Amino acid sequence: MAKSLRKYFLAIVPDEPLRQEITALKLAIQERFGCKYALKSPPHITLKMPFLYNEQKEKQLENRLRGFFGEEAGFSLELDGVGSFRERVVFLRVKYPPELPALQQRLVTYGKRQLGQQIELSDMNYHPHLTVAFRDIKKGHLADIMAFIRPRFMRQSMTVHRVSLLKKSPLSWQIQNNFDLI
């Protein structure tokens with residue numbers, strides 16, 4: 001059987017109703033500014049950037065990740081404020097405890113040692129955030145989008161009790177599986 005590589009990534013996906021609130025914000029940004037790219041995935045805070053993996057070994061990947069995350073403790077964080085990267089990304093700021101970058105670094109090390117993944121530059125320069133617009137922001141609209149978001153999203157707290165494996169489908173990213181934290 002031929003190797004079938006698919007794209008996956010690992011992320012913290014907020015529970016409802018926060019997930020729906022952020023999706024509604026993305027939809028409002030799309031309606032007002034035409035930015036739709038962020039709607040191709042559920043609201044999330046990335047832990048491991050997209051990587052290629054043999055789809056036929058997906059269950060093995062899931063079992064390994066279940067074992068890894070089953071030994072990790074949950075924690076709380078806050079979404080508070082708006083930020084941007086250059087002129088291409090607008091995000092909700094994540095105020096996080098030391099547990100979040102520590103988890104991300106253990107995951108990167110685990111991925112290299114147990115899953116044969118390369119350590120990417122993005123793995124080393126981890127900046128937790130929740131993207132609400134990117135890639136299709138028209139020149140000169142960044143400040144307007146940020147001003148549009150500020151009064152529409154107030155500080156939110158969330159408990160992180162699971163991590164999601166997302167898989168790329170032809171048109172979007174879908175949650176493939178969830179892994180509970182202890």
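In this predicted model, helix α2 meets helix α3 through Leu61, Arg64, Leu65, Phe68 and Phe69 on the α2 side, while α3 contributes Leu103, Arg106, Leu107, Tyr110, Gln114 and Leu115. Sorted by class, this contact holds eight nonpolar residues, two charged residues and one polar residue. The stretches involved belong to α2, which spans residues 58-69, and α3, which spans residues 99-115. Their axes come within 12 Å and cross at roughly 140°. Angles over 145 degrees would count as roughly antiparallel, and 65 to 115 as roughly perpendicular; α2 and α3 are therefore described as oblique to each other. The crossing of α2 past α3 is right-handed.

Helix α2 also has a second set of partners, in the strands. It lies across β1, β2, β7 and β8, and its direction makes an angle of about 45° with β8. These four strands form an open sheet, in which the order is β2-β1-β7-β8 and the pairing is antiparallel. The edges of the sheet are taken by β2 (45-54) and β8 (173-180); each has a single partner strand, so one side of each is left without a neighbour in the sheet. On average, and with direction ignored, neighbouring strands of this sheet are turned by 25° against each other.

Within the sheet, β1 (residues 5-12) and β7 (residues 162-168) run antiparallel and are joined by four bridges. A handy landmark for anyone following this pair on screen is Leu10, which stands opposite Leu165 in β7.

Just along the chain from this pairing comes the loop between β7 and β8, where Ser169 is found. Once neighbours within four places in sequence are set aside, Ser169 is in contact with Arg6 and Gln174. The C-alpha atom of Ser169 is separated by 9.7 Å from that of Tyr8, although the two residues are 161 residues apart along the chain.

A second loop residue worth a look is Gln117, in the loop between α3 and α4 (121-124). Is Gln117 buried or exposed? Its relative accessible area is 11%, and the limit for a buried residue is under 20%, so Gln117 is buried. With neighbours within four places in sequence again left aside, the contacts of Gln117 are Lys48, Phe51, Gly111 and Lys112. Two of these residues, Lys48 and Phe51, fall within the edge strand β2 (45-54), whereas Gly111 and Lys112 fall within α3 (residues 99-115).

How values were computed:
Residues are numbered from 1 along each chain as its sequence is written. This is a predicted model: local features need pLDDT of at least 70, side-chain atom pairs count only at pLDDT 80 or more; totals for chains, interfaces and linings use all residues. Side-chain values use heavy atoms; hydrogens and water are left out. Axes are lines fitted to C-alpha atoms, for helices over the stretch in contact, and angles run from 0 to 180 degrees between N-to-C directions. Helices (H or I, at least four residues) and strands (E, at least two) are DSSP runs, numbered from the N terminus. Angles under 35 degrees count as roughly parallel, over 145 as roughly antiparallel, 65 to 115 as roughly perpendicular and the rest as oblique. A crossing is left-handed if the near helix is turned anticlockwise from the far one by less than a right angle, and right-handed if clockwise. Contact means heavy atoms within 4.5 Å. Ala, Val, Leu, Ile, Met, Phe, Trp, Tyr, Cys and Pro count as nonpolar, Asp, Glu, Lys and Arg as charged, and the others, Gly among them, as polar. Two strands pair if DSSP finds at least two bridges between them. Buried means under 20% relative accessible area, exposed over 50%, partly exposed in between (1.4 Å probe, protein chains only).
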